Amino acid sequence: MQKISRIYVGGYGIDMAWYDGVTFDLTDPATGEPTDTILNLENGGGKTTLLSFVFSCFDTPVERFLKHIQNKNHRFSQYFSRDGQPGIILIEWVMPPRVAGGKPYYLVIGQAVAVKTGIERDEVERIFFSFEANSALGFQSVPAPKLNYAPVSNMLELSRWIHDAHKLSSDFFQTRVQHDWQQHLREERLIDIDMLKLQVNFSAQEGGIDTGFLNFNSEPEFIRKFFGLTLDDGMAASVRQSVVDVCDKLRRKPHLQKCLTELSRLRTTLLAFKDAALLYSIASDEQDKTRHLGARVKKGLDMLANKFRLEEKEALVKQEEKSKLAIEQTNLSKKYTAEITTLKLLQLTRTLEAIIERKYAAEIAADTARDTLFRVNAAKAHSEIAALEKRLVELGNNSIAAREQLEPWKDKVEVQGMLLRNALLLAENELHTQLNNVLTTENQAEASLKNIEQQLKDLETAARSLSSEEAALTNAEEAYWSSLNQLINENIIKEGESTSEALARYENIAIEQLKLEEKYNLDAITLKTQGQEARSNANKAQVHAVTIAADLPQLQKFVAEGESEREKFEQNPILRQVADADTANPDSPILLPELERFILAEERSVAQCEVQLSTLHASRSAITQTGVAGDSCDVNKVVASLHAKGVKSAKPYNIYLADAIPDASTARAIVLSNPSRFLGVSVASSELESAREITAQNLQLDTPVMVSVNSLEPDTLEANRFVLSADNDAAFNQEAAQELLQQLDERIANIDSLRNAHASRLKEALGIKEQLLAYEKRFGGEILARARIDIERLQQESEAALIQSAIYEEQAKEYEQQAEIAMRAKNSCSKAAHTADMHQKTISRFSTQHDASRPARLIRLRCIPSVRLEQDMQRVELTTEQTNVTETKLEAFKLKVELEAKAKERQNERLAVTY
């Protein structure tokens with residue numbers, strides 16, 4: 001079965017779900033075969049938008065656009081770029097093999113849509129195409145954004161690609177006509193369009209399968225739905241009707257049996273009435289047909305006469321214009337063909353010469369460069385080898401010279417090492433003696449140090465008592481300065497300011513802050529009132545925007561209906577035939593006159609068919625009644641008048657010839673000698689004078705009728721005239737008339753079917769004319785353009801109202817913020833007044849705690865330094881002695897360390913000399 005393997009969408013969507021070139025791979029990653037796929041997107045992510053474009057390739061009318069079905073305000077043209085950039089969708093199908101054991105093949109179908117915004121209307125251009133993928137033309141060959149390296153930017157470039165694609169694929173198909181496209185998919189590509197159309201109904205709403213398919217409530221409805229899905233419309237209706245008829249007959253069988261019995265009894269009684277009624281009905285039908293036939297024939301003949309006159313005049317004018325145009329085009333074609341050939345040959349010759357010269361120059365340059373490169377590489381290698389050889393010789397000579405110079409130095413080093421070991425031994429003994437003297441001095445210094453430390457402990461005990469008293473006094477003074485500095489740091493008291501001055505200052509601050517608090521309170525009330533007014537204006541603007549937005553859906557729905565009606569007219573086959581184009585333009589001013597001419601032409605065709613039918617019916621009736629064709633009303637009228645005058649031998653001449661001469665060729669020769677005579681009336685020579693009296697009567701004949709004497713001899717044909725023979729001899733030969741009678745029914749049926757076709761087209765054209773007039777009345781002219789302008793205007797007014805609402809909202813917020821700032825300033829003033837009051841209380845407490853006891857504390861602090869000075873002098877003396885002892889001890893320790901270091905150094909030198 002057919003399966004979709006890939007879908008590409010580009011240049012399509014809405015602002016929040018724009019597909020700029022997305023390829024959906026619907027295959028299994030493991031096998032690469034098409035499989036069931038789920039696209040998971042959030043609400044508003046573009047799922048229905050994607051399905052709408054996919055289904056528009058199969059259910060093509062814009063009124064069947066899925067988003068339009070869900071919401072009438074959504075139009076097909078709203079989902080594409082307004083700058084002419086085409087929106088493209090491609091669907092790749094994996095089709096089953098055409099023959100048993102064959103391989104599947106890939107089918108690509110696509111649709112391109114371009115919207116150009118105009119002053120009067122949005123022009124929507126749609127192209128449908130399909131092709132079977134091959135090595136030269138495939139899915140990625142379509143010039144779409146992010147799919148091909150050279151995407152198209154307008155429909156003209158896409159049309160050029162389509163023209164080139166026809167050369168790459170023999171089965172490439174493209175059309176702008178929706179009916180032809182659906183017929184192509186159904187008949188040539190074998191795609192089930194009806195099922196896809198049904199899927200659109202399923203997708204129109206959530207759970208749409210219940211309303212689109214499972215909507216039957218009885219068995220007849222289920223049978224109708226089942227036959228509609230499994231059979232075509234005509235066969236489904238006939239099968240359903242057959243089932244209904246059989247069921248009705250079976251249900252009514254007892255009643256029908258009784259009716260049959262009663263009707264059998266009445267049959268014998270009603271047979272006579274049936275025969276009489278049948279004869280009357282046949283006569284009445286024949287009379288009605290004859291009347292209608294005569295009316296149609298008269299109307300047809302009148303129209304044909306007018307048509308032939310107009311066509312003759314138009315043909316003469318067109319023939320003259322075409323002759324002049326053909327001569328001019330022939331001359332221009334010869335002139336331009338010669339010039340184009342000469343210029344093309346000259347361009348190609350010059351291009352070939354330039355290419356040959358560049359080729360030779362490039363080959364010479366390449367050979368020269370290769371030789372130069374080879375020589376440079378050889379020179380570099382030779383210089384590097386010479387330098388390395390020279391360096392190797394120098395290193396060998398240096399190595400030999402170094403070995404010869406080290407031999408005398410080795411002997412000298414051994415002699416000096418022996419002398420050094422002897423000197424180190426003598427120095428080591430001397431250092432041990434000095435170390436013993438240093439240890440004795442260190443012991444004496446330690447004893448003196450213990451006595452000095454005891455004296456220092458006594459002085460420290462006395463110093464601690466003074467320090468405790470001084471610390472208490474200092475802490476009190478520090479607490480004073482700490483509190484004062486804290487007050488200064490907290491800006492409660494300024495630097496150099498007294499407490500009384502600070503108290504007075506804070507009293508003034510409190511009064512000022514209370515006044516400011518009252519002022520900010522009034523400002524806050526005013527700003528709140530202004531904010532409420534701005535918010536009220538914002539609400540009014542928003543209500544105005546909502547009111548405008550409520551009017552938009554009706555206009556958008558009106559525009560959508562206009563676009564839908566316009567597309568119906570564009571795709572209508574009769575209008576396309578009238579316009580002689582792939583799509584008809586219902587807004588074109590020449591379409592309605594052309595349609596009227598088409599209607600007039602169809603009326604003429606119907607009239608011609610009526611005339612032909614009347615002629616054929618008359619021939620059939622004449623053959624049935626007289627044995628030959630060629631029955632003429634005027635001839636019959638003359639014969640009846642002659643019979644009324646008593647001319648009994650009067651008879652139509654063709655009947656006389658058919659009875660007298662059964663050979664068709666002989667009778668034909670007689671008729672061709674003078675058709676006006678032998679297709680007129682024949683009388684006996686004895687009654688010719690009596691027949692002349694009929695000329696005095698006004699018979700009101702439509703055509704002249706010749707009355708002549710019975711004769712079977714042909715008239716002499718003059719040289720200045722000739723006669724053309726009829727297609728058959730049925731007018732004067734009974735055998736030919738019988739052969740014609742056998743063909744008349746088929747010819748009558750063919751012409752009748754042709755007349756019905758013209759009549760059907762005429763009826764449809766008249767209906768389309770009424771619809772087109774209704775379209776022009778409702779949407780034509782500038783109505784639809786004004787509706788689009790009104791939509792733009794209302795959208796702009798709505799946006800302006802929303803912007804104004806936002807401005808008022810911002811003003812309201814600004815006023816509220818300013819009111820809040822005023823309230824904060826008011827609260828700040830209130831806090832400042834409260835803070836000034838608190839600072840007054842703090843300064844009062846500080847003055848009470850510290851100012852009274854401070855003078856006595858300062859006197860005691862001044863006495864303590866002199867006592868401590870005496871103790872410090874004694875401590876310094878003891879410390880000096882202790883320092884001297886300590887220095888002696890330290891010198892001994894340093895000397896000991898130096899001796900140990902020298903001994904270790906000498907030992908290392910001895911070891912080095914030994915080595």
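Visitor: Which residues do ring pairs link into a cluster?

Guide: Tyr12, Phe53, Phe65, Phe76, Tyr79 and Phe80. Rings of Phe, Tyr and Trp (its six-membered ring) pair if their centres lie within 6.5 Å; planes under 30 degrees apart count as stacked, over 60 as edge-to-face and the rest as tilted. The model is predicted, with local features needing pLDDT of at least 70 and side-chain atom pairs pLDDT 80 or more, while totals for chains, interfaces and linings use all residues. Residues are numbered from 1 along each chain as its sequence is written, and side-chain values use heavy atoms, leaving out hydrogens and water.

Visitor: How many aromatic pairs does a search of the whole structure find?

Guide: The search finds 16. One of them joins Phe58 and Trp93.

Visitor: What makes the pair of Phe58 and Trp93 edge-to-face?

Guide: The planes stand at 90 degrees, and the centres are 6.1 Å apart. The limits are over 60 degrees and within 6.5 Å, so the name fits. The two rings come from distant parts of the chain, 35 residues apart. Phe58 is in the loop between α1 and α2, and Trp93 is in strand β3 (residues 87–95). Helices (H or I, at least four residues) and strands (E, at least two) are DSSP runs, numbered from the N terminus.

Visitor: Why is Phe58 called buried?

Guide: Buried means under 20% relative accessible area, exposed over 50%, and partly exposed in between (1.4 Å probe, protein chains only). Phe58 has 2% relative accessibility, so Phe58 is buried. Trp93 has 7%, so Trp93 is buried too.

Visitor: What makes the pair of Phe129 and Trp161 edge-to-face?

Guide: Their ring centres are 6.0 Å apart and their planes meet at 70 degrees, so the pair is edge-to-face. Phe129 belongs to strand β5 (residues 122–132), and Trp161 to helix α3 (residues 155–168). In sequence, 32 residues separate them. Both residues are buried.

Visitor: How do you know that Glu92 and Arg6 form a salt bridge?

Guide: A salt bridge needs a side-chain nitrogen of Lys or Arg within 4 Å of a carboxyl oxygen of Asp or Glu. Here the N to O distance is 3.0 Å, so the pair passes. Glu92 sits in strand β3 and Arg6 in strand β1 (residues 3–14), 86 residues apart. Glu92 is buried at 6%, whereas Arg6 is partly exposed at 23%. The whole structure has 13 salt bridges.

Visitor: What makes Lys769 and Glu596 a salt bridge?

Guide: Their closest N and O atoms are 3.7 Å apart, so they pass the 4 Å limit. Lys769 lies in helix α18 (residues 734–778), and Glu596 in helix α12 (residues 591–626). That pair spans 173 residues.

Visitor: How do you know that Glu602 and Arg761 meet in a salt bridge?

Guide: The N to O distance is 3.5 Å, so the 4 Å rule is met. Glu602 is in helix α12 and Arg761 in helix α18, 159 residues apart. Glu602 is buried at 6%, and Arg761 is partly exposed at 29%. Glu610, Asp752 and Arg755 are joined into one network by salt bridges that share partners.

Visitor: How do you know that Asp59 makes a polar contact with Arg64?

Guide: A polar contact is a pair of N or O atoms within 3.5 Å; within protein, one must be able to donate a hydrogen and the other to accept it, and residues adjacent in sequence count only if both atoms are side-chain atoms. The two side chains are 2.7 Å apart in this contact. Asp59 lies in the loop between α1 (47–55) and α2 (66–70).

Visitor: Is Asp59 buried or exposed, and why?

Guide: Asp59 has 4% relative accessibility, so Asp59 is buried.

Visitor: Why is His68 called what it is, buried or exposed?

Guide: His68 has 8% relative accessibility, under the 20% limit, so His68 is buried. His68 lies in helix α2. Beyond four places in sequence, His68 is in contact (heavy atoms within 4.5 Å) with Val62, Glu63, His74 and Ala560.

Visitor: Is Phe273 buried or exposed, and why?

Guide: Phe273 has 60% relative accessibility, over the 50% limit, so Phe273 is exposed. Phe273 is in helix α9 (residues 253–489).

Visitor: How much of the protein chain is buried?

Guide: Of its 915 residues, 30% count as buried. The chain has 20 helices and nine strands.
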